[in-house]
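Got the sequence and the 3D view handy? Have a look around, then work through these questions at your own pace.

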Amino acid sequence: MADDRRYTTSQLVEMLQRCNIRPSVQRVAVLSYVANGSKHPAAEEIYASLSQTFYSLSRTTVYNSLHILAEKGLVRELEIESGCIRYDMAPQPPHSHFVCRNCGRIADMPMPEGIAAIIMPEYSVDCVDVFLKGFCPDCRKLKSQPITNISTI
């Protein structure tokens, strides 16, 4: 789970090199965006943000970078919403994700260590994706407040 740790550029370069990935400026930037953010971004979000700094960055470069990062186990692909792949750092303790139905915020939620072995001991589970949906604390507060400024037509 995210632990408010920030990865330095040299740490990210080292991670890429350990996985035999050439640490281009663009790959480091994509990995940094996923590693140092808390938003579980989609590829388009990453592209939109990084293209403000890297003017020659293409969508293809972002998608190809994410593909190799996922293939080598540095990031995880999450399909929380149908048809929308989001990304999370892979080397983390097991955790689930909570999605707010109102604002769309995605938050990491703790999950017991070894949950798969407890539930399905006869299987060899290498990935567990648990997604909880509801209303985040901020949206719950908004939802519980009475609407007092309704104009009639």
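A first tour in questions

Q: How many nonpolar, polar and charged residues are in the lining of the second largest pocket?
A: This is a predicted model, where local features need pLDDT of at least 70, side-chain atom pairs count only at pLDDT 80 or more, and totals for chains, interfaces and linings use all residues. Residues are numbered from 1 along each chain as its sequence is written, and side-chain values use heavy atoms, with hydrogens and water left out. As for the classes, Ala, Val, Leu, Ile, Met, Phe, Trp, Tyr, Cys and Pro count as nonpolar, Asp, Glu, Lys and Arg as charged, and the others, Gly among them, as polar. Sorted that way, the lining has 11 nonpolar, three polar and three charged residues.

Q: How much space lies in the second largest pocket?
A: A pocket is an open set of points on a 1 Å grid over the protein atoms alone, where a 1.4 Å probe fits and protein lies on both sides within 12 Å along at least five of seven lines; lining residues have an atom within 4 Å of a point. Points are joined across faces, edges and corners, and the volume is the space filled by probe spheres set on them. For the second largest pocket, that comes to about 290 Å³.

Q: Which residues are closest to the centre of that pocket?
A: The second largest pocket has 17 lining residues. To find its centre, look for Pro94, Met111, Asp126, Cys127 and Val128.

Q: In what order do the helices and strands run along the protein chain?
A: Both are DSSP runs numbered from the N terminus: helices are H or I with at least four residues, strands E with at least two. The chain has six helices and five strands. Starting at the N terminus, they run α-α-α-α-β-β-β-β-α-β-α.

Q: What percentage of the residues in the protein chain is buried?
A: Buried means under 20% relative accessible area, exposed over 50%, and partly exposed in between (1.4 Å probe, protein chains only). The chain holds 153 residues, and the buried share is 34%.

Q: Which element gives the largest share of the largest nonpolar core?
A: A nonpolar core is a set of buried Ala, Val, Leu, Ile, Met, Phe, Trp, Tyr and Cys residues joined through side-chain atoms within 4.5 Å. The largest one has 24 residues, and Leu31, Val62, Leu66, Leu69, Leu74 and Met89 touch the most other members. Elements giving it two or more residues are α1 (9-18), α2, α3, α4 and β2. The largest share, six residues, comes from α2.

Q: Which residues does Leu69 contact, leaving aside neighbours within four places in sequence?
A: Contact means heavy atoms within 4.5 Å. Leu69 is among the core residues that touch the most other members. Its contacts beyond those neighbours are Leu16, Ile21, Val30, Leu31, Leu74 and Val75.

Q: Why do the buried residues of α3 lie on the same side of the helix?
A: In α3 (residues 43-50), the buried residues are Ala43, Ile46, Tyr47 and Leu50. What covers them includes α2 (25-35), α4 (59-71) and β2 (84-89). The arc is taken from the directions from the helix axis to the C-beta atoms. They sit on the same side because they cover an arc of only 100°.

Q: Which residues does Ala43 touch, not counting those up to four places away in sequence?
A: Ala43 is in helix α3 and counts as buried, because its relative accessibility is 4%. Cys84 is 41 residues along the chain from Ala43, with 9.0 Å between the C-alpha atoms. The residues Ala43 touches are Val62, Tyr63, Leu66, Ile85 and Tyr87.

Q: Is His40 buried or exposed?
A: His40 lies in the loop between α2 and α3, and has a positive phi of about 50° though it is not a glycine. Most residues other than glycine have a negative phi. With 5% relative accessibility, His40 counts as buried.

Q: Is Asn20 buried or exposed?
A: Asn20 sits in the loop between α1 and α2. Its phi is positive too, near 60°. Its relative accessible area is 69%, so Asn20 is exposed.
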